[in-house]
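The exercises below are meant to be worked with the sequence and the 3D structure open side by side. Try each task before reading its solution.

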Amino acid sequence: MRSSGVDNEKRKLSSEQCAEILGVLKARFEKNMNRHKGLEWTKIQAKLETNTEKLWSLNEMEITGGEPDVIGHDIKMDEYIFYDCSAQSPKGRRSFCYDRKALESRKAHKPENNALDRAADMGIELLTEEQYRELQRLGNFDTKTSSWVKTPSYIRKLGGAIFCDRRYDTVFVYHNGAESYYAARGFRGSLRV
């Protein structure tokens with residue numbers, strides 16, 4: 001699956017790309033029924049087929065290593081919720097600092113990008129700490145990596161950002177300077193369709 005770029009005009013997939021990502025998502029959905037008990041793939045696929053920009057975002061999640069999967073259904077809003085469900089933080093989204101302000105503050109050895117801008121380019125949101133903990137109830141994620149999560153503004157104003165991982169069968173929340181970046185830290189996203 002190739003990226004279509006981030007320009008709004010290019011946030012479209014060819015019919016072949018649509019069929020390919022739908023096939024990948026369906027196979028993952030069927031393989032991991034514990035993540036979405038009681039949900040039906042045919043209803044999810046129908047929503048995806050009428051929301052091609054969201055399908056493009058899911059393709060971006062896939063090609064960057066996120067392995068997106070349905071983790072729930074917001075009945076009130078009639079939206080299906082997708083999270084990155086890769087075992088480790090998505091490979092194509094690592095070594096990023098937290099946000100643009102952090103990226104611009106670095107004088108040397110700047111990372112390629114930052115998590116918030118890249119998520120926005122993909123049309124997704126960073127997981128919150130609460131969403132990250134929800135994901136961890138579905139399996140063991142980030143046992144060797146870590147993931148930036150949406151940082152409360154009061155922490156960010158002081159120069160920090162938070163990230164999470166799973167070690168010793170426990171989910172931990174940590175802090176770092178927002179300008180820091182590591183080869184084993186990426187970010188996980190969510191998308192509503």
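**Exercise 1. A network of charged side chains**

Task: In this predicted model, Asp74, Glu79 and Arg192 are linked in a network of salt bridges; work out which pairs form the network, and where their residues lie along the chain.

Solution: Begin with Asp74 and Arg192, whose side chains meet in a salt bridge with an N to O distance of 2.9 Å. This pair links distant parts of the chain, since Asp74 belongs to strand β1 (residues 68–74) and Arg192 to strand β8 (residues 189–192), 118 residues apart. Next, take Arg192 with Glu79, a salt bridge that is likewise given as 2.9 Å, N to O. Here too distant parts of the chain are linked, with Arg192 in strand β8 and Glu79 in strand β2 (residues 79–84), 113 residues apart. Arg192 therefore takes part in both pairs of the network.

Then consider accessibility, for which the cut-off for buried is under 20% relative accessible area. Asp74 has 18% relative accessibility and so counts as buried, whereas Arg192, with a relative accessible area of 35%, is partly exposed.

**Exercise 2. A salt bridge and its surroundings**

Task: Decide whether Arg93 and Asp84, whose side chains meet in a salt bridge, are buried or exposed.

Solution: The salt bridge between Arg93 and Asp84 has an N to O distance of 2.7 Å. Arg93 has a relative accessible area of 0% and is therefore buried, and Asp84, with a relative accessible area of 0%, is buried as well. For context, the count of salt bridges in the model comes to 17.

**Exercise 3. Two helices in contact**

Task: Describe how helix α3 (residues 52–63) and helix α5 (residues 115–122) are placed with respect to each other, and name the residues that make their contact.

Solution: Two packed helices are described by the angle between their axes and the distance between the axes. For α3 and α5, the axes come within 9 Å and cross at roughly 135 degrees. An angle over 145 degrees would count as roughly antiparallel and one of 65 to 115 degrees as roughly perpendicular, and the two helices are therefore oblique to each other. The contact is made by Trp56, Ser57, Glu60 and Met61 on the α3 side, and by Arg118, Asp121 and Met122 on the α5 side. Sorted by class, this contact has three nonpolar, one polar and three charged residues.

**Exercise 4. The buried side of a helix**

Task: Find which residues of helix α6 (residues 129–136) are buried, and what they pack against.

Solution: The buried residues in α6 are Tyr132, Leu135 and Gln136. Because they cover an arc of only 100 degrees around the axis, they sit on the same side of α6. An α-helix has 3.6 residues a turn, so residues three or four places apart point the same way. The buried residues of α6 pack against strands β2, β4 (146–148), β5 (160–167) and β6 (170–177).

**Exercise 5. Two residues of one loop**

Task: Characterise Asn32 and Glu40 by their accessibility and by a distance to another part of the chain.

Solution: Asn32 lies in the loop between α1 and α2, and at 15% relative accessibility it counts as buried. Its C-alpha atom is 39 Å from that of Lys157, a residue 125 positions away in sequence. Glu40 lies in the loop between α1 (15–31) and α2 (41–49), but is partly exposed, with a relative accessible area of 42%. The C-alpha atoms of Glu40 and Asn140, 100 residues apart along the chain, are separated by 24 Å.

Key. Residues numbered from 1 in each chain as written. Predicted model: local features only at pLDDT ≥ 70, side-chain atom pairs only at ≥ 80, totals over all residues. Heavy atoms only, no water. Axes fitted to C-alpha atoms, helices over the stretch in contact; angles between N-to-C directions. Helix = DSSP H or I, 4+ residues; strand = E, 2+ residues; numbered from the N terminus. Parallel < 35°, antiparallel > 145°, perpendicular 65-115°, else oblique. Contact = heavy atoms within 4.5 Å. Nonpolar A, V, L, I, M, F, W, Y, C, P; charged D, E, K, R; others polar. Salt bridge = Lys/Arg side-chain N within 4 Å of Asp/Glu carboxyl O. Buried < 20%, exposed > 50% of the residue type's maximum accessible area, 1.4 Å probe, protein only. Arc of directions from axis to C-beta.
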